[in-house]
Amino acid sequence: METPVVSAQLQFWSSLGVMSLSTYWAIVQIKQGLKIHKEEKVDSISVVWMMFFFFLCPLYLSHGVMNDLWAMVYHGSVRGLTYIPILWGIWKFRGYRKFEFALGGLLIVALIMHWFVPWEKPYFFIFALAGPFATSLQPLAIYRQKTLGVFEPHVILAMLCANLFWHLFSIYFQDWPLFVLCLFYYIPIVWLIQLWFKYRKAR
């Protein structure tokens, strides 16, 4: 049985881990945004992937507020802000298609619903389940264009570190839905690593 002291220590270290990973994610995302604006193109960038996680970050924030998970609030705030220059770069150098505008509208509705549904935690998890699929669109974009384009390779390391952290977290706290979700995330991560090795010399 965990004592209050042990429980507080676990909460501290897990929160510190989340905030550290969030900060690293933010740095990597800033590098991605700078790369897009420097090269003035968005080759091999999945727009849907960027849009989905831009809208997922406010969901992290609201989920954190509702459940007093302040490390989650930090994650949603800090990481979410770094998507703005990326999405602005996509608008500036490529523009958005009708499907992407429609997707943005649906995601806004989904965010609003999060504040009113009676089953907040299951709703949050169902929304998060789309994450591995949305992430898979990034290696798919690279695969289709046969080049890494302006994709920032450090994103792969950030994804891998974050997924390993949450996987270990899920095992320790026996959070099996999160455990399964992490398993699905390894699919696009491994695919991205394979594509990076394949196309890195052509950069």
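**Entry 1: salt bridges**

I count as a salt bridge a side-chain nitrogen of Lys or Arg within 4 Å of a carboxyl oxygen of Asp or Glu. I note at the outset that I am reading a predicted model. By this rule I find 3 salt bridges.

I looked first at Arg-94, whose side chain meets that of Glu-100 in a salt bridge, with 2.5 Å from N to O. I then asked which other residue forms a salt bridge with Glu-100. The partner is Arg-97, and the closest N and O atoms of this pair are 4.0 Å apart. I therefore record Arg-94, Arg-97 and Glu-100 as linked in a network of salt bridges.

I next looked up how far these three residues are open to the surroundings. Glu-100 is buried, because its relative accessible area is 5%, and the cut-off for buried is under 20%. Arg-94 is partly exposed at 33%, whereas Arg-97 counts as exposed at 52% relative accessibility.

The side chains of Lys-41 and Glu-39 also meet in a salt bridge, at 3.9 Å from N to O. I find Lys-41 partly exposed, with a relative accessible area of 32%. Glu-39 is likewise partly exposed, with 36%.

**Entry 2: the largest pocket**

I looked up the largest pocket and noted a volume of about 1,200 Å³. Of the 42 residues that line this pocket, Met-72, Phe-124, Trp-166, Phe-169 and Leu-178 are the closest to its centre.

I then asked which helices each supply at least two residues of this lining. They are H1 (4-39), H2 (47-66), H3 (70-81), H6 (120-145), H7 (154-172) and H8 (176-199). Helix H1 gives the most, with 10 residues. By residue class, I record the lining of the largest pocket as 26 nonpolar, 11 polar and 5 charged.

**Entry 3: the second largest pocket**

For the second largest pocket I noted a volume of about 320 Å³. I find 16 residues in its lining, and those nearest the centre are Ile-45, Ser-46, Val-47, Arg-94 and Ala-141. The elements that give two or more residues to this lining are H2, H5 (98-114) and H6. Helix H6 gives the most to the lining of the second largest pocket, with 5 residues. I record this lining as 8 nonpolar, 3 polar and 5 charged residues.

Arg-94 appears in two of my entries: it lies among the residues nearest the centre of the second largest pocket, and Arg-94 also belongs to the salt-bridge network with Arg-97 and Glu-100.

Methods. Residues are numbered from 1 along each chain as its sequence is written. This is a predicted model: local features need pLDDT of at least 70, side-chain atom pairs count only at pLDDT 80 or more; totals for chains, interfaces and linings use all residues. Side-chain values use heavy atoms; hydrogens and water are left out. On a 1 Å grid over the protein atoms alone, a cavity is a set of points where a 1.4 Å probe fits but cannot get out, and a pocket is an open set with protein on both sides within 12 Å along at least five of seven lines; lining residues have an atom within 4 Å of a point. Grid points are joined across faces, edges and corners, and a volume is the space filled by probe spheres set on the points. Helices (H or I, at least four residues) and strands (E, at least two) are DSSP runs, numbered from the N terminus. Ala, Val, Leu, Ile, Met, Phe, Trp, Tyr, Cys and Pro count as nonpolar, Asp, Glu, Lys and Arg as charged, and the others, Gly among them, as polar. Buried means under 20% relative accessible area, exposed over 50%, partly exposed in between (1.4 Å probe, protein chains only).
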